[in-house]
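Dear colleague,

I am passing on the structure we spoke about, so that you have it in front of you while you read. My notes on a few places in it follow below.

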Amino acid sequence: MFAAENGLKGDPRLEAISAAIRVVPNFPKKGIMFQDITTLLLDHKAFKHTIDIFVDRYKDMQISVVAGVEARGFMFGPSIALAIGAKFVPLRKPGKLPGKVISESYELEYGHDRLEMHVDAVEPRERVIIIDDLVATGGTLSAAISLMESQGAEVVECACVIGLPEVKGQHKLKGKPLYVLVEPSGLDGFC
Amino acid sequence: MQTIIALAPLVSHRLCLAPPPFPRHRLLCRRAPSIRLPSHRSSTTSFRLLSSFAASRDSEMATEDGQDPRIPKIASSIRVIPDFPKPGIMFHDITTLLLDTEAFKDTIDLFVERYKGKGISVVAGVEARGFIFGPPIALAIGAKFVPMRKPKKLPGKVISEEYSLEYGTDKIEMHVGAVEPGERAIIIDDLIATGGTLSAAVRLLERVGVKIVECACVIELPECKGREKLGETPLFILISSA
């Protein structure tokens with residue numbers, strides 16, 4: 001669900017966050033309006049707002065694991081984990097993690113890939129949130145949910161800064177709640 | 001979970017082409033060294049302490065006055081995995097540090113305490129593990145976070161800098177306009193080995209007029225001589241793994 005529909009309607013922080021995100025047309029290929037969060041990271045106030053909103057939401061939910069999807073999930077996840085006293089677990093592209101891993105394949109908005117996690121990173125019954133910068137089709141997040149559930153952990157929610165139109169009105173992902181801060185900017189005329 | 005602290009004395013980091021400083025038989029006879037825990041007071045102090053350690057390799061690891069008490073726990077939370085990504089490399093795995101909430105918090109706090117209030121407006125982090133440590137530091141000290149990425153990942157206009165690998169070259173990229181001339185920056189990565197990536201990051205930022213106050217890493221592999229490669233640029237590290 002979108003933050004504005006879930007208690008943060010009219011919150012000026014959401015507007016600041018949205019305004020700080022840059023749209024880059026035709027990246028990585030023609031027709032894609034790429035939502036560039038690097039400009040959000042350059043805006044200290046807006047970046048702090050982003051983390052604060054997620055921390056406020058999750059700090060009293062007994063979350064012991066924040067999992068972040070490589071690589072932009074790494075930019076948001078650790079700060080949230082530190083603030084709520086949870087572990088940070090990186091979910092990575094194949095071949096990057098040095099220890100024993102489990103992996104799950106998934107389809108991207110443009111292409112397909114695999115996601116890996118260390119086998120000893122989460123324990124059964126741990127409560128997990130999964131972070132990424134953006135959710136489009138939900139393929140990556142679904143793979144992340146599968147990884148967690150294969151270890152007996154409970155995914156409490158998936159959280160993203162930006163949610164593409166495909167997910168609007170779609171509150172659940174593979175049965176799990178989805179929490180999104182803002183819609184993408186600059187999508188007039190987007191296919 | 002069991003964590004192993006690094007140390008096989010025979011480690012021949014394939015990344016590091018220089019031969020070990022001592023004849024092999026002495027390395028065989030030498031007991032496994034402990035992780036060197038330098039003082040965090042200043043990078044020049046760290047360098048002198050490391051030099052004195054290198055000169056007396058068989059001595060006990062001393063705990064210097066001023067040693068921050070948080071560092072041993074951070075060191076023990078890092079897992080070493082042999083032969084990854086290839087035989088001969090002792091890979092320092094910081095993912096186990098990230099699972100230890102206290103050790104991870106202490107790691108960030110140590111960097112934040114060092115850099116807060118020093119007029120640093122840019123924290124640059126090297127893909128991908130620099131993305132884990134950099135943003136929390138940036139947020140805490142009021143700086144922007146600038147990701148320095150492998151080629152073709154950044155969507156906007158970029159500038160790039162090439163650097164040497166053991167075999168071949170690679171490139172590091174940054175968005176044009178992410179930083180401005182005269183800004184003061186620190187560059188973060190989880191580990192420095194040969195210093196190839198970090199020195200490329202330094203060159204990239206300096207080309208656009210940024211002053212690099214310091215490079216900061218959790219771990220240094222001193223035998224790989226990354227500190228030398230950084231030349232005049234100061235290096236601050238929490239743990240030295242010899």
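In chain A, A:C158 stands opposite A:L178, a residue of strand β10(A). Please keep in mind throughout that this is a predicted model. The pairing behind that position is between strand β8 (residues 154–163) of chain A and β10(A), which run parallel and are joined by four bridges. Strand β10, which covers residues 176–182 of chain A, has six of its seven residues buried, so it is largely enclosed by the rest of the structure.

In chain B, I looked at helix α6, which takes in residues 130–141 and has 12 residues. From its first C-alpha to its last, α6(B) reaches 16 Å, which is close to the 16 Å expected at 1.5 Å a residue. Helix α6(B) is also mostly covered, with 11 of its 12 residues buried, and among them are B:F131, B:I132, B:F133, B:P135 and B:P136 as well as B:L139 and B:I141. The residue that follows α6(B) is B:G142, and its phi is positive, near 75°.

The last place concerns A:T38, which lies in helix α2 (residues 38–42) of chain A. Is A:T38 buried or exposed? Its relative accessible area is 8%, and because buried means under 20%, A:T38 counts as buried. If its neighbours within four places in sequence are left aside, A:T38 is in contact with A:R22 in chain A and with B:P147, B:L154 and B:H175 in chain B.

With best wishes

Note on methods: Residues are numbered from 1 along each chain as its sequence is written. Chains are lettered from A and ligands numbered from 1 in the order in which they are written. This is a predicted model: local features need pLDDT of at least 70, side-chain atom pairs count only at pLDDT 80 or more; totals for chains, interfaces and linings use all residues. Side-chain values use heavy atoms; hydrogens and water are left out. Buried means under 20% relative accessible area, exposed over 50%, partly exposed in between (1.4 Å probe, protein chains only). Helices (H or I, at least four residues) and strands (E, at least two) are DSSP runs, numbered from the N terminus. Two strands pair if DSSP finds at least two bridges between them. The expected span of a helix is 1.5 Å times one less than its number of residues. Contact means heavy atoms within 4.5 Å.
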